[in-house]
Each structure stands twice: as C-alpha cells, then as structure tokens.
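The exercises below are meant for someone meeting this structure for the first time. Try each task before reading the solution that follows it.

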Amino acid sequence: MVGWAIAVHGGAGVDPNLPTERQEQAKQLLTRCLNLGIEALRSSLPAIDVVELVVRELETDPLFNSGRGSALTENGTVEMEASIMDGPGRRCGAVSGLTTVKNPVSLARLVMDKSPHSYLAFSGAEKFAKQMGVDRVENDYFITQDNVEMLKLAKEADSIVFDYRIPKVCGTGVQSPIHMNGLPISIYAPETVGCVVVDNQGRCAAATSTGGLLNKRMGRIGDSPLIGAGTYACDLCGVSCTGEGEAIIRGTLAREVGAVMEYKGLRLQEAVDFVIKERLDEGKAGLIAVSNTGEVAYGFNCVGMFRGCASENGFMEVGIWD
Amino acid sequence: MGWAIALHGGAGDIPVNLPAERREPREAALRRILQIGVSALNARCSPLDVVELVVCELENSPHFNAGKGSVLTTNGTVEMEACIMDGNSKRCGAVSGVTTVVNPISLARQVMEKTPHIYLAFDGAESFAREQGLKTVDRSHFITPENIERLKQAKEANRVQQDYTQPIKTQDQKEPMDPDGDSKLGTVGCVAVDSLGNLAAATSTGGLVNKMAGRIGDTPIIGAGTYANKLCAVSATGRGEAIIRDTVARDVAAVMEYKGLGLKEAAAYIVHEVTPKGTTGLVAVSATGEIAMPFNTTGMFRASATEDGFMEVAIWESE
C-alpha cells in the first residue's frame, strides 16, 4: 500500500501579464479538479479511471486549451487530440484530429480498451467515436469567443512578423519579447491539460488532452497524443507534458522521466529536474509526474505553468509561477 | 572509422519455407537498394540524404509494405506513414494518412525542413504535399494484387474467429493469424552513419493489414519506430502497438547512454528482454560505425554494409 498522489496541469507558457482575475479563475479550476481526483482516490478508484475523470473535467471547462475552449486552427475550427496510458502493462490509447467528440480523453480510453489499436486519427477516429456512441456535438460547441479573438491576434502577429512597415507591437498594445512556439506570449494559448495519478496500489497513470497550437495548420499533430513524448506511464511513474511540441517530441520527454528512473536509478524529483534541464535544449516546456512510491513532482523551464498537486499525507499546492 | 548502413524490409512471421518466387525478388531488391545506399555513402552524401534515398527506393519497390505494395486498410485503401530523424540536431519529420504521395518519406522530410512542425496527417499532409509540389498519383498506384489477396485472407480469418466465439482478444492476440504471415508485420527502414559519426534514421509503412481507417502505428512516432541522436540511429518494425508501448527506438539509445551498453548489447536487450516475442525487429547503427539488427520474430528482411567492404543480405537468423 502506498499513499496516493495526483497532479494536474493546464498548460505551460503563461503570459506574465495575465490579469489577476484570470489567474484566480485558473487556480480555482485546478483546485476543483484536484479535489475531484482526491475524492475519487479516497473511494479507491484506480489511477487510470482517476486521470480520465479529471481530464474530462478540464476538457469540459472552457478555461484551458482542451475540449471546449481549445485554441483554434488557422481555419477557425477546433481539432483536438489526446492520449492516456496505464502504467501496469503500459497499455495506451491516443486520438488526433477530433472535431465532434465532446471528451477526447474518453475516446482515447476507448481506443485503448475497445479497439485492436493504440492510436486512431481524423475521420477514422470520428467513425470509431460514432460506433462507440460517445457524446458528440457540432464543432462550434468547442469554440469560445476568447479563442476567436486570440486567433485574430495570432494572424495579426503573423503578418506583423513579415511586414516590416508595421511597428512590432502585439494586438494587446503591450510589447512582448517572450515567445512560445512562435507566438508572442501574450497571444499564446498554453497548450494542453493533463493529469497524472498514483493510487493506493502504487499503480500510475497519465492522460493529456489539447486543442493544440493556436492558428495551427490543419492536420498538424503535436506531442500530446504521442506516447513517450507528451504522455507516458509505466510501473515506475506517470508523466504528462506541455509546452513546445517540437521540443517535447524530440526530447521524448515523458518517456525520458521513466527512462532515467529505470536506467539511472534517479528518484522522481531528480528525474524531473534532470529531464527539464538536460533534455529540452532551447525548447520551452513543463511536465507533471508521479511515482509508484507516492511521490509527486513537476518542473518547467518557461514562464509559468498552470498546475496543482496533492498527496495523501495532506500536501496540496496550486500555482502558476516559479 | 568508415561509414555503415543497415536497412530492413519488415520483420514478421516469415516462414522458412517461403517459396523462391516470393523470396528471390525481395532479396534482389534488398541487394540492389543496399548498393544504392552504399554508392551514396561512397559519394559522401549525408546520412540524412542516404536514408531518404534508400527508403524512397524501398517505397517504390512493390515487394515491401511501404509506398507501392503497402498493405490495405479494412476499406481496401492505402494509408501510408513515414518518419525521418537527423541524429545531430534531433530534428524530425513525420506524416500519416498519406494516400496519393508517391514517396511519403520525402513528404516527412519536407515537414521537417519546410514547416515549424514535426508531424502532419491525413488531409493536412496531402494538401501540404501539393503545396510543396511533391509527386502525387492516383490512389490505385499503390495497390498490388498480393495485397488485395492478403486483405481477403485477413478478413476471412477474422470471420472464422468470430464464428468460434473466441474470448475478447488480449493485447497479444489482437491481430488474426495471417496464413501468409510474412507481410503481416511490415515496414521499411534505413539507418546510416558516415565516417564523421553523423547519424540518421528513416522508416516508412503501409501499416497493418486490415487496419481500421485512421489507425496510426509506431512508424511516425518519434521514439517508437524511429529515432536518432548523437549515439545511434534506429528504425524498428513489427507490431506497432508493442513498439509504441515499449518506446523501442528511444530505449535502445537510452540504454546505451544511461547504462553504458554498446549498440549490439543495447539493441539485443530491448528486442530480446523487453519486447514480447514475435513482435519486434530493428536495424541500428552507432556513431562509432557498429551495426545491430536483432529481431524476435521468425525473420526480418534486411541488408547491411560497412565501408571496409562487408555486405550482407538476409531474412532469417544468420548461420
């Protein structure tokens, strides 16, 4: 028996000028999700069920970039992806290119449990969703006014970059030298939500979900649905990453935490610190992780990561900045 | 140190009594394509160019499960995926759901070099291909009679299992037994290192016979089917779902780095101790010019060469 632990995130790469009320809203949502997970853990729900449950909540709430509230593609639509992994046995499921599925993480779970495959995408995934009878809606359900505005700003920022006659000022009128994934931080929609859990039996699980990069090209897949990059769970740990997808993929970030624990014998926090410091090169990202011995940890090398963590011994923390 | 190259045309349950008419064309293709890679390395082409070139040839050959000759989805269509990675920079490119592009590996390379992204799929990948002016053809170009037959057999096998009301398939029993087993687990790939230790890996596939439309395997997933860094380059083949779970390509490199194992030991460890029997094969080269080609299936179509004149084409365990 092990003390349970849980961590959630709402994306890394946060505008340092984010209005206080937005920060408060974010912290409240993270707290609510943590409490949902904690309640489930107290009623002995296995880790894999808890991560799905919590990520569903994050998808349903429009605040973060996943499910409803996803960042928009260059065409003004929403295209979502998600993955989930169960530590014991390392079973996994992933989906990309979803446009009508209310809860992508649950479809990823069904890919894992009810299909002969690990990863389904685009119309094949939508067809599977129909067969499975999951909740489906029109694409505009996922679109929020906030994100419509953000897309406009992103397109302007794009044209600003290329048109030297326009002074380098973002739509918000504030000079913003920090960039994340090619966008000024004031416009960037931190990508992805995630949850990692270790239950009383020492079973780890991880799940990640996202609308992806704001103004992305249709068909662009990021790190979130890629096992080993954005999501990973094994006997030793559960990991969910967020940030610049390219850096996370090249660094196989989520797997890396498990690999240094397994092959170098590092403890969880050491592993997280090592990976963030040594495996990101110039990339900006963050991650949350739990270990099979009940530890919880997080790390990020960019400006802010929406996160929360808690463990059975009463520890609880919600934060955004360093 | 001289250059080294290894390529594969798929690992699987390749019966040792494979009839000559099925074996010889593939051996001949492997030999011919190996020579193309060798010539390119002798001409001092970069490993990245070499692996792309070799995989293009494998895609163009109808004898392997990539490009032309790709296995069919359950709808009788072709959905191809590919991935390429440069060891020094760890830059990479991947594509999935490609249906009309003659060389998916070249499309993956364009994603790596011409976009800020790593991975494009389905309609997005196809429209990008057109923007880049890559060669596209009618979908029927990729379909071969052998694959139409394979799909038919796979569907029949499925039907038989359902008639016998088999219990829910476990993780290891998810694919039906294919009487023509040699192509069920396919993929092509190439890894290369030049005399300066620069590494690159490339993998391409049509996927699994009778796969669900939209199914993505290990090939385009960095760290699963394809990986390269400054230590080694790896291209894996076999049952995609197992290779993804075991992050095969990344783990070969990780074991070298974190446990100090040499290439052959690391590759053998991953294939023989970690992945389930019958699921995985890989080709790998290291920055010091070593080659490893372990597989835990009956066979793996493969070929390798080093600058000092060594050359090998094989299917089953070397004697």
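Helices (H or I, at least four residues) and strands (E, at least two) are DSSP runs, numbered from the N terminus. This is a predicted model, in which local features need pLDDT of at least 70, side-chain atom pairs count only at pLDDT 80 or more, and totals for chains, interfaces and linings use all residues. Residues are numbered from 1 along each chain as its sequence is written, chains are lettered from A and ligands numbered from 1 in the order in which they are written, and side-chain values use heavy atoms, with hydrogens and water left out.

**Exercise 1.** State how many helices and strands chain B has, and then do the same for chain A.

Solution. Going through chain B gives eight helices and 12 strands. In chain A the secondary structure comes to eight helices and 15 strands.

**Exercise 2.** Check the radius of gyration of chain A against that of a compact globule.

Solution. The radius of gyration is taken over C-alpha atoms, and the globule rule is 2.2 Å times the number of residues to the power 0.38. For the 322 residues of chain A, a compact globule would have a value near 20 Å, and the chain has 18 Å, which agrees. Along the principal axes, its C-alpha atoms fill a box of roughly 65 × 45 × 35 Å.

**Exercise 3.** Find what share of chain A is buried, and what share of its contacts join residues at least 24 apart.

Solution. Buried means under 20% relative accessible area, exposed over 50%, and partly exposed in between (1.4 Å probe, protein chains only). By this cut-off, 64% of the 322 residues in chain A are buried. Contact means heavy atoms within 4.5 Å; among contacts in chain A between residues at least 6 apart in sequence, 67% join residues at least 24 apart.

**Exercise 4.** Test the length of helix α2 of chain A, then describe its buried residues and what they pack against.

Solution. The expected span of a helix is 1.5 Å times one less than its number of residues. Helix α2 (residues 47–60) of chain A has 14 residues and should therefore span 20 Å, and its end C-alpha atoms are 20 Å apart, which agrees. Its buried residues include Val50(A), Val51(A), Val54(A), Val55(A) and Leu58(A), and also Glu52(A) and Glu59(A). An α-helix has 3.6 residues a turn, so residues three or four places apart point the same way. The buried residues of α2(A) pack against several elements of chain A, among them the strand β1 (5–12) and the helices α1 (20–42) and α3 (104–114).
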